[in-house]
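The following exercises are to be worked through with the sequence and the structure in view. Each task is followed by a solution in steps.

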Amino acid sequence: MKRIGLLILITLSISLNTIAQNPIIKHIYTADPTARVYDGKLYIYPSHDVPWNPEWEKLGAEKESNGHVMTDYHAFSTEDLVNFTDLGVIVAQENVPWGNKLGYGMWAPCIASKGGKYYYYFPNKPADKSGFRQIGLATAEKPEGPFTIEPNYIEGLKGIDPNAFIDDDGQAYMYWGGGKGNSLKVVKLSDDMKSIVGETVVIENLPQEYKEGPFVFKRKGMYYLTFPHNLDTQNSTEEIGYAISKHPLGPFEYKGTIMDRFEDCWTNHQSIVEYKDQWYMFYHHNDISKAGNLRSVSVDSLFFEEDGSIRKVIPTLRGVGITSAKDTIQIDRYSEIHNAEVDFVKRVGIPEWKITNTKKESWVQYNTVSFDDKPKNVQLKVKSKAKGGRIELRENVPNGKLIATVEVGNTNEDWINVDTKLNYRPKGIMNLVCVFKEVDEMELDWVLFSR
Ligand code: FUB
């Protein structure tokens, strides 16, 4: 970290790799992801949830009643949607010249690129107490930073959840806001991306309950405004909806739901991006913490209907990307499951899950595994008691071609690794199905193929 007058450069690359099924980031809590594609790579700019530390109160910090505690921002990159690299902290509250250094209010950020530069907008508690949040800007020459934080927040953008969108003609727009009624707004940004220009337009005709997290993208000449909102009361959770327009300033027509609400997490927050000819939606849920304010980012594929409407995205544990059979297959991040359940093996540190509560003929299916390495053997991490049992590995469907039969004795409830030779050398990309035969309370952690 290095100081240049009021501008502060931050670069803290820790290159921590995380293998992705959902949630895709497991070593820290992340929420509110903005995904962007720059120079062939996909970058994610989420916010960062942390638990409250009562020690901060001795320094004068006050925990907000909304429960969110957010001190800094990381960025992540990937080229295959399987391996994600944590690029480290790109902006932190202690380095924001205009910010309350004990604010813990770094809510959903966004980024946009124009003329080879990167513009990172973030809400933060202002030191001058001019509002709940003000929106600041940090700029960089590269998507991973280092980012230089502007000395002041942007006048006229008081509020949360900035989303900068640049149209094909180079004009940039800022969408932001949160609250009930007509609470989402849009305004043009200046050429240098550092200030607002002209009148702010209040976006009307959207559901009138609580709304936040606008994210706009353009496809086939249509502007899609997506946003989390709460249809009933402040006590229900958020679903993700969308509206469309032929102009970035609207008027927008509400079209419906992209993702249904999670019962157990009050917020959700999305971004939608096309990468390597497939559309994806990034969002968040509390899969690891099971607590509303410690969230984790996930991703699933998104599809459009012929008429341009968005098909509902069903959240999966499997997520996206092709898993190599050479890597440990975390089968508990399943695509489909029948008559079995998932539970934690461990929740501290980087969490791990397992398949549990299996019965005779339970099965679990994990989609898109690449067998290009043509393996000969398989290893399973399993646990059993009493009689143990048998697990069949099959191609694509529960009664598909039998790749291997794995016999598991009584492990006395200890985890063991069982090695088995395959019936043949599978090749290509297929779904892997594990069928539990004659089992007596068997648990399965992972599957690993080898040559
Ligand atoms: O992460 C804090 C706030 O929760 C975000 O700004 C909102 O969009 C909601 O996700």
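**Exercise 1.** Identify the residue of β9 that stands opposite Ser113, and describe how the two strands are joined.

*Solution.* The model used here and in the later exercises is a predicted one.
Step 1. Opposite Ser113, in β9, stands Tyr118.
Step 2. This pair belongs to the contact between β8, residues 110-114, and β9, which are antiparallel and share 5 bridges. In general, the strands of a sheet pair through backbone hydrogen bonds.
Step 3. With 2 residues between them, β8 and β9 make up a hairpin. Gly115 lies in the turn and has a positive phi of about 55°.

**Exercise 2.** Determine the strand order of the open sheet of 4 strands, and explain which strands stand at the edges.

*Solution.* Step 1. The order is β16-β17-β18-β19, and the pairing is antiparallel.
Step 2. β16 (215-219) and β19 (253-259) each have a single partner strand, so they stand at the edges and one side of each has no neighbour in the sheet.
Step 3. From one strand to the next, the twist averages 30°.
Step 4. Within this sheet, β17 (residues 222-229) and β18 (residues 239-245) are joined by 7 bridges. Leu225 has Ala243 in β18 as its bridge partner.

**Exercise 3.** Find the parts of the chain that the salt bridge between Arg133 and Glu64 ties together.

*Solution.* Step 1. The side chains of Arg133 and Glu64 form a salt bridge, with 2.8 Å from N to O. The cut-off for such a pair is 4 Å, and the whole structure holds 22 salt bridges.
Step 2. Arg133 is in the loop between β9 (117-124) and β10 (134-140), whereas Glu64 is in the loop between α1 (55-58) and β6 (72-78).
Step 3. The pair therefore ties together parts that are 69 residues apart in sequence.

**Exercise 4.** Describe the residues around the ligand and the contacts made with its oxygen atoms.

*Solution.* Step 1. Among the residues around the ligand are Asp32, Trp107, Ala108, His269 and Arg295. The shell divides into 3 nonpolar, 4 polar and 4 charged residues.
Step 2. Two side chains supply contacts of this kind: an N or O atom of the Asp32 side chain is 2.5 Å from a ligand oxygen atom, and a polar side-chain atom of Arg295 is 2.7 Å from a ligand oxygen atom.
Step 3. Ala108 takes part through its backbone, where an N or O atom lies 3.4 Å from an oxygen atom of the ligand.
Step 4. The ligand taken alone exposes 270 Å², and the protein buries 99% of that area.

Conventions
Residues are numbered from 1 along each chain as its sequence is written. This is a predicted model: local features need pLDDT of at least 70, side-chain atom pairs count only at pLDDT 80 or more; totals for chains, interfaces and linings use all residues. Side-chain values use heavy atoms; hydrogens and water are left out. Two strands pair if DSSP finds at least two bridges between them. Axes are lines fitted to C-alpha atoms, for helices over the stretch in contact, and angles run from 0 to 180 degrees between N-to-C directions. A residue is near a molecule or strand if one of its heavy atoms lies within 4 Å of it. A polar contact is a pair of N or O atoms within 3.5 Å; within protein, one must be able to donate a hydrogen and the other to accept it, and residues adjacent in sequence count only if both atoms are side-chain atoms. Accessible areas come from the Shrake-Rupley method with a 1.4 Å probe; for residues, only the protein chains shown count as cover. Ala, Val, Leu, Ile, Met, Phe, Trp, Tyr, Cys and Pro count as nonpolar, Asp, Glu, Lys and Arg as charged, and the others, Gly among them, as polar.
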